[in-house]
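Me: I should like to go through the interfaces of a model and to test each term against its definition. Please show me the sequence and the structure.

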Amino acid sequence: MPDTLAERASSVADRPRFDCRDAYVTTLAELAKADHRIVGVVNDSVGSSKLDAFKKAFPDRLINVGIAEQDMVGVAAGLAAGGRIPFVSAASCFLTGRALEQIKADVAYSNHNVKLCGMSPGMAYGELGPTHHSIEDIAWLRAIDKITIVVPADPIETAAALRWAAETTGPVFIRVSRMAVPAVNADDYRFVPGRAVTLRDGDDVTIISNGTVLWRALVAAEQLAAEGISARVVSMPTVKPLDVDTVVAAARETRGIVTAEEATTAGGLGGAVAETVVQHQPTRVRILGVPEFAPTGSAGFLLDRYGMSPEGIAESARRLALR
Amino acid sequence: MTALTGATSASEDRPAGGVGGRPPTSIQHTTMPVLGRLSPYATRDELVAHVAEAARQIRIQDLKLVHHAGAGHIGGDFSAIDVLATLYGAVLNVTPETVDDPERDRFFLSKGHVAGALYTTLAAFGFLPVEQLATFLKPLSKLNGHPNRNYVPGVEANTGPLGHGLPIAVGHALSAKLDVSRRRTYVLVGDGELQEGSNWEAMMAASQHELDSLTVIVDRNRLQQGATTRETNDLDPLDQKAAAFGFAVVEVNGHDHGELLDVLSAVPFRPGKPTFVIAHTHKGHPISFMSNNVAWHHKVPNADQLTLALEELSLDQPQEEGSDA
């Protein structure tokens, strides 16, 4: 196990916070500098993807198709057909919703080497409301064969996942959040697709999380530890393919599993974990996520509202641990 | 809109070898000769004759294919075969030997439901064994009702849902431009398919990026699944629409191999502009009882209809078109 979080600061909650888009653009520029095949493809989303510097450095290699998501993903597939490695960078709600059939047919089924980067996913757009929330993206894409789904939790994991995606042939979807999050992974962290990372050991209950919610899960475990409950925290950056062994081990070795994610409660990480334990090692699972079109509020407010404040996650875990 | 493969009509006429059925008990039906390409020194007349004979052989084989499979889209197949035969027989810089060469020309079949026509054309020019055509639509066959590039050499994208090929072609033409490559991009779209908005998104992008290595060919047969385009969602004036979207527009008789050869080899017509070829065609061409008949979108010829159609194709001079839409 990499260095435990407790070694780094008294609480994850007190660490500095980062916008993962910064790690995204820095890493993408590094990758593009090293590999001329890499191009960006956007739908007028240069600013919201923070790609201005990329555009300046590689003016020919940032293709802006305009506000046209179906075309954007089709064009990316065509670029891949010509040997390029396109990183499509667009608000996740429009990328996955508007172009879902292109993702299915042109990218996944055609097995084109396209990297889909869903920017500002989940409820990052907060008060802009459910039209701009992308809580469904994980469930939609999980149903599609041949596409790896990655939900990084911090800048380190965002950069690591991007590097892996660039050197791997095949369709990938990566969520890149704009919500400020603390670093939860070790500096020398290496992303391995389909591999979970146990960030904190524990044998009473397991919390499986990813993305912007993971640090909240770690704080919840800190709180539980203070009252004598030992909570295992599993980071599950790859929703598909899922690390089945780690999930089964958690089901076997602890009294229950809480999943927590910035996504719909139907068909996301929680769904994947539930499908796994029910077939391999039945146990109690509490799925935390967003069960409805959210009311007006910031992303942070809404996560709290849906039981994903550190206190909320701790409460869900406590119920399973003490039952 | 999605073009579904299915033999909803004439199913009672299916031979024993229908989808999911026993192997065909009838005579071996994959008899098409492999035609290949003429030498680079062939004259225009020789090329046109070669393409014409290829198209005739492809139609004969495709008819048998659909009859024996008990499913397929024979109407759309026959409106597109002359374009396909011209491209693979005399225009595209791709052969079975260069099918993986990054610098090959790319052809994207956007109207993926005419997969039968594409497979037969690819077999005619040696990209896959002619005998393999006998597996068309059979369980576990690589020859699905819509093409899969991971299974069939020469197929460049997995199409089927409409409105996907043109954006992919634009992306490929962009890659060629970035590579400063001379490789060309051709895409065949159905006319009904142009009702999908994604095409027009892609056309704007093609124009914006001045992709003059891109040629869009419209199979303008004026029929969609259940009705004429005019009755459904009229596309006219299609030439003016394409021109307004920044394309150089050319109209051809989509069954005239000479016209097709001249136009498809001569692109681009305007530097900096992608080309939009409106190929006027008839679904079911040139079979008298199929041509321009909406009923033949995915009707399957029974034994008598097969015999009749094969007789018509064996004539040196196929019958003239009946009506003109």
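Me: What area do domain 1 of chain A and domain 2 of chain A bury between them, and how much of it is on carbon and sulfur atoms?

Reply: The two domains of chain A bury about 2700 Å² between them, 66% of it on carbon and sulfur atoms. Buried area is the accessible area, taken with a 1.4 Å probe, that two parts lose on being put together, summed over both. This is a predicted model, in which local features need pLDDT of at least 70 and side-chain atom pairs count only at pLDDT 80 or more, while totals for chains, interfaces and linings use all residues. Residues are numbered from 1 along each chain as its sequence is written, chains are lettered from A and ligands numbered from 1 in the order in which they are written, and side-chain values use heavy atoms, with hydrogens and water left out.

Me: Which residues supply 25% of the area that domain 1 of chain A buries against domain 2 of chain A?

Reply: They are A:M123, A:I135 and A:R142, which supply more than any other three residues.

Me: What makes these parts of chain A two domains?

Reply: The bounds come from an automatic or database domain assignment, and chain A is divided into domain 1 (17–182) and domain 2 (189–321). Their centres, taken over C-alpha atoms, are separated by 25 Å. From a record, UniProt lists residues 18–183 of chain A as "domain: Transketolase-like pyrimidine-binding" in an unreviewed entry; such annotations may be inferred rather than shown by experiment.

Me: How many residues of domain 1 of chain A are in contact with domain 2 of chain A?

Reply: 35 residues of domain 1 of chain A are in contact with 35 residues of domain 2 of chain A, contact being heavy atoms within 4.5 Å. By class, the domain 1 side has 22 nonpolar, 5 polar and 8 charged residues. Here Ala, Val, Leu, Ile, Met, Phe, Trp, Tyr, Cys and Pro count as nonpolar, Asp, Glu, Lys and Arg as charged, and the others, Gly among them, as polar.

Me: Why is the pair A:R142 and A:E275 called a salt bridge?

Reply: The term requires a side-chain nitrogen of Lys or Arg within 4 Å of a carboxyl oxygen of Asp or Glu. The closest N and O atoms of A:R142 and A:E275 are 2.7 Å apart, so the pair qualifies. Across this domain interface the rule finds 1 salt bridge.

Me: How do you know that B:D179 forms a salt bridge with A:R84?

Reply: The closest N and O atoms of B:D179 and A:R84 are 2.6 Å apart, and therefore the rule is met. Between chain B and chain A the count is 1 salt bridge. There are also 15 residue pairs in polar contact between these chains, both residues at pLDDT 80 or more. A polar contact is a pair of N or O atoms within 3.5 Å; within protein, one must be able to donate a hydrogen and the other to accept it, and residues adjacent in sequence count only if both atoms are side-chain atoms.

Me: Which element gives the most to the side of chain B that touches chain A?

Reply: α4(B) gives the most, with 8 residues. Helices (H or I, at least four residues) and strands (E, at least two) are DSSP runs, numbered from the N terminus.

Me: What is the area buried between chain B and chain A?

Reply: It is about 2000 Å², of which carbon and sulfur atoms give 52%. In chain B, B:H164, B:L178 and B:E201 lose the most area to chain A, together 27% of what that side buries.
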